Amino acid sequence: MAYDQLKEEFEQNGFVVVEDAFSEEQLAALSNEVNDVIEGKVSYLPEKEIIYEPNSEPRRVRNAFRLHHYRQQFLTAAKNPQLVGPLGAILGKSLRLYGSQVFAKPARVGTVVPAHQDMPYWPFEPYEMVSAWIALDDSTIENGC
């Protein structure tokens, strides 16, 4: 899809889907690293950057923040031209990376996350921000999206 079409679709719907921004190999490597984060197998992430799923046993990571500060792989993903190009076109300006995080929402497990808008949680005005969700797993009605 052309960038002008992406911008128009975003303005109309509030989201766009950018297909094939990452190769299967890139997604597999990211998925493996994210699984290691969620399972607590990484030593590079300080405790201050982790929120655990309440009442999980064994402890399960729910959120991990600022991953791009601790692992080059996450910074590289955030700078992927196939992602940055469309986002820049949507915003119409140069991009700055605000953050990176894992938000683990396994099917039928853990705390419910109700439908919401992200902007109220971010301290920015004017509202010139966009988030990119890199889906590492399929999201279906059957698995709880």
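Asp20 sits in the loop between helix 1 (3–13) and helix 2 (24–38). In this predicted model, Asp20 takes a positive phi of about 60 degrees, even though it is not a glycine. The residue has a relative accessibility of 70%, and so it counts as exposed, the cut-off for that label being over 50%.

Arg66 does something similar with its backbone: here too phi is positive, at about 55 degrees, in a residue that is not a glycine. Arg66 belongs to the loop between strand 2 and helix 3 (72–78). With a relative accessible area of 38%, Arg66 is partly exposed.

A further backbone feature turns up at Pro58, in the loop between strand 1 and strand 2. The peptide bond leading from Glu57 into Pro58 is cis, and its omega is near 0 degrees.

Now to the sheet. Three strands make up an open sheet, ordered 1-2-3 and paired in antiparallel fashion. Strand 1 (50–52) and strand 3 (101–103) are the edge strands; each has a single partner strand, so one side of each is left without a neighbour in the sheet. From one strand to the next, the twist averages 15 degrees.

What holds the pairs together, bridge by bridge? Strand 1 and strand 2 run antiparallel to each other and are paired over three bridges. Within that pairing, Ile50 faces Ala64 of strand 2. On the other side, strand 2 (residues 61–65) is joined to strand 3 by three bridges, again in the antiparallel sense. Phe65 has Gln101 of strand 3 as its bridge partner. As for exposure, four of the five residues of strand 2 are buried, so this strand is largely enclosed by the rest of the structure. In a regular strand, side chains point alternately to one face of the sheet and the other.

Just ahead of strand 3 comes Ser100, placed in the loop that connects helix 4 (81–91) to strand 3. Ser100 has a relative accessibility of 17% and therefore counts as buried, given that the label applies under 20%. The side chain of Ser100 makes a polar contact with that of His68, at 2.6 Å.

Back in the loop between strand 1 and strand 2, which also holds Pro58, there is Glu53. At 9% relative accessibility, Glu53 is buried. Its side chain is in polar contact with the side chain of Arg62, at 2.7 Å. Both Glu53 and Arg62 also appear in the lining of the largest cavity.

That brings up the empty space inside the model. Rolling a probe the size of a water molecule over the atoms is a way to show where such space is left. How many cavities of 30 Å³ or more does the structure hold? The count is one, and the volume of the largest cavity is about 30 Å³. Lining the largest cavity are Glu53, Arg60, Val61, Arg62, Ala104, Pro106, Val109 and Gly110. By residue type, that lining splits into four nonpolar, three charged and one polar. Among the charged residues of the lining are Glu53 and Arg62, whose side chains make the 2.7 Å polar contact described above.

Two further positions are worth a look for their partners along the chain. Asn80 is in the loop between helix 3 and helix 4. Is Asn80 buried or exposed? At 7% relative accessibility, Asn80 counts as buried. Asn80 and Leu30 are separated by 50 residues in sequence, and their C-alpha atoms are 13 Å apart in space.

Asn35, for its part, is a residue of helix 2. Asn35 has a relative accessibility of 34% and so counts as partly exposed. Between Asn35 and Ile134 there is a separation of 99 residues in sequence, against a C-alpha to C-alpha distance of 14 Å in space.

Key: Residues numbered from 1 in each chain as written. Predicted model: local features only at pLDDT ≥ 70, side-chain atom pairs only at ≥ 80, totals over all residues. Heavy atoms only, no water. 1 Å grid on protein atoms, 1.4 Å probe; cavity = no way out; pocket = protein on both sides within 12 Å on 5 of 7 lines; lining within 4 Å. Points joined across faces, edges and corners; volume = space filled by probe spheres on them. Pairing = 2+ DSSP bridges. Helix = DSSP H or I, 4+ residues; strand = E, 2+ residues; numbered from the N terminus. Axes fitted to C-alpha atoms, helices over the stretch in contact; angles between N-to-C directions. Buried < 20%, exposed > 50% of the residue type's maximum accessible area, 1.4 Å probe, protein only. Polar contact = N/O pair within 3.5 Å; in protein donor to acceptor, adjacent residues only side chain to side chain.
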